[in-house]
Amino acid sequence: VPFPFSLLGLQVIKCKAAVMWEANKPFSIEEVEVAPPKAHEVRLKIVATGICRSDDHVITGAFVMPFPIILGHEAAGVVESVGQGVTSIKPGDKVIPLFVPQCGECKNCLSTKGNLCSKNDIGSAAGLMADGTSRFTCKGQAIHHFIGTSTFTEYTVVHESAVAKIDSAAPLEKVCLIGCGFSTGYGAAVQTAKVEPGSTCAIFGLGGVGLSVVMGCKAAGASRIIAVDINSDKFAKAKELGATECVNPKDFKKPIHEVLIEMTGHGVDYSFEVIGRTETMTAALACCQYNYGVSVIVGVPPAAQQITFDPMLLFTGRTWKGSVFGGWKSKDSVPKLVADYMKKKFVLDPLITHTLPFTKINEGFDLLRTGK
């Protein structure tokens, strides 16, 4: 570090974090030590974080990660300090951490078709920084990172490729949703599926991500947007955000894909599975038009589960796609999405049902699990 150097960023920070020591247990609010950022790393003060079902999937074992771990991946905060070589971001900048990084150098980053940077930690699930170590310590033990973000803590360290600088006027307690839920759902419709005006869409699952798919379909000009959920309490908000019809599979004796084919005459143009269940993934595929229908998997698939389906469903022409982070190239797109929010091109308020203090994180997860 050239002299005179600032002491900022050289100290270990002690702060509160929600540590998950083992599967299927509540979060434990602990004092953790957060190491300074190394070269090309950034240390952030987290101001607001959302709760996402993918965090819960780690707790239940459906999304396999190493324990102990600090979860959380949908957040917004302020840069506290930067490591050597970081030039794009400085202390005081408002930022959103990116669970899909954008290194700008790998095959996916260089392609116009892909957005899943090879530097991601979704598939490998190492739970560590790029150099194979952790920046978190608690009770003398190293704590794992979660998909390069770990936002259930007052301070976190992320790689420079996994953070986006955003408008300094943006309300962090709202735009944190652009870090996952909103972007994932909205992008699945407008980026991955490329929904066209006049088309018919079906959305399975009306949580925050599913509702964002509804908004994306509406923004793309879909004429019929059919919202599907086994919890009818979700229907009012789905309609407020653009759903034209709402269907509860529990109200029918026949399989839901048959119901949707009857409703539309030939199946939907686009279907979205926003739950993460293999049965609904096959139902979403089966309900789309047999020749040119497109079905997008948005929910994280459960570990160690296989799908069995009739290959004739694909042979006739349907397309089955996956979408991570809505297909957006994260570092490029997140600042633009925040700018669009500031221009009122879409709303985020309806996606926020509760605002809790950090120490009530377990209550937040109870609300998630009870469909509230």
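Biologist: What makes strand β6 (residues 136-138) and β7 count as a pair?

Modeller: Two strands pair if DSSP finds at least two bridges between them, and β6 and β7 are joined over three bridges in the antiparallel sense, so the pair meets the cut-off. In one of these strands, β7, the bridge partner of T137 is A142. This is a predicted model, in which local features need pLDDT of at least 70 and side-chain atom pairs count only at pLDDT 80 or more, while totals for chains, interfaces and linings use all residues. Residues are numbered from 1 along each chain as its sequence is written, and side-chain values use heavy atoms, with hydrogens and water left out.

Biologist: How do you know which strands are the edge strands of that open sheet?

Modeller: The four strands stand in the order β1-β2-β6-β7, with antiparallel pairing, and β1 (13-19) and β7 (141-143) are the edge strands, since each pairs on one side only. The strands themselves are DSSP runs (E, at least two residues; helices are H or I, at least four), numbered from the N terminus. From one strand to the next the twist averages 45 degrees, where axes are lines fitted to C-alpha atoms, for helices over the stretch in contact, and angles run from 0 to 180 degrees between N-to-C directions.

Biologist: What makes β1 mostly covered, and over how many bridges does β1 pair with strand β2 (residues 28-34)?

Modeller: Five of the seven residues in β1 are buried, a term for under 20% relative accessible area, against over 50% for exposed and partly exposed in between (1.4 Å probe, protein chains only). With β2, β1 pairs in the antiparallel sense over seven bridges, and the partner of A17 in β2 is E30.

Biologist: Is T308 buried or exposed, and how do you know?

Modeller: T308 has 75% relative accessibility, and since exposed begins over 50%, T308 counts as exposed. Its place is in the loop between β14 (294-297) and α9 (312-315). The C-alpha atoms of T308 and E279 are separated by 9.4 Å, although these residues are 29 places apart along the chain.

Biologist: What kind of aromatic pair do F99 and F325 form, and how do you know?

Modeller: Rings of Phe, Tyr and Trp (its six-membered ring) pair if their centres lie within 6.5 Å, with planes under 30 degrees apart called stacked, over 60 edge-to-face and the rest tilted. The whole structure holds 10 such pairs. For F99 and F325 the centres are 5.4 Å apart and the planes stand at 85 degrees, so this pair is edge-to-face. F99 lies in the loop between β5 (94-97) and α2 (107-110) and F325 in the loop between β15 (319-322) and α10 (330-342), so the pair ties together parts 226 residues apart in sequence. F99 is buried at a relative accessible area of 7%, and F325 is buried at 3%.

Biologist: What kind of pair do Y186 and F346 form?

Modeller: Their centres are 5.7 Å apart with 45 degrees between the planes, an angle that is neither under 30 nor over 60, so the pair is tilted. Y186 lies in helix α4 (residues 181-193) and F346 in the loop between α10 and α11 (361-369), so parts 160 residues apart in sequence are tied together. Both residues are buried, and with F182 and Y341 they form one aromatic cluster.

Biologist: Which residues touch the most other members of the largest nonpolar core?

Modeller: A nonpolar core is a set of buried Ala, Val, Leu, Ile, Met, Phe, Trp, Tyr and Cys residues joined through side-chain atoms within 4.5 Å. The largest has 82 residues, of which I178, F182, V195, I203, C217 and F272 touch the most other members. Helix α5 (residues 208-219) gives the largest share of this core, six residues. At least three residues come from each of domain 1 (7-163 + 352-370) and domain 2 (185-324), with domain bounds taken from an automatic or database assignment. Leaving aside neighbours within four places in sequence, I178 is in contact (heavy atoms within 4.5 Å) with residues including I96, F325, Y341 and F346.

Biologist: What makes the sheet that holds β14 and β15 parallel?

Modeller: Six strands form this open sheet in the order β12-β11-β10-β13-β14-β15, and their pairing is parallel; β14 and β15, for example, pair in that sense over four bridges.
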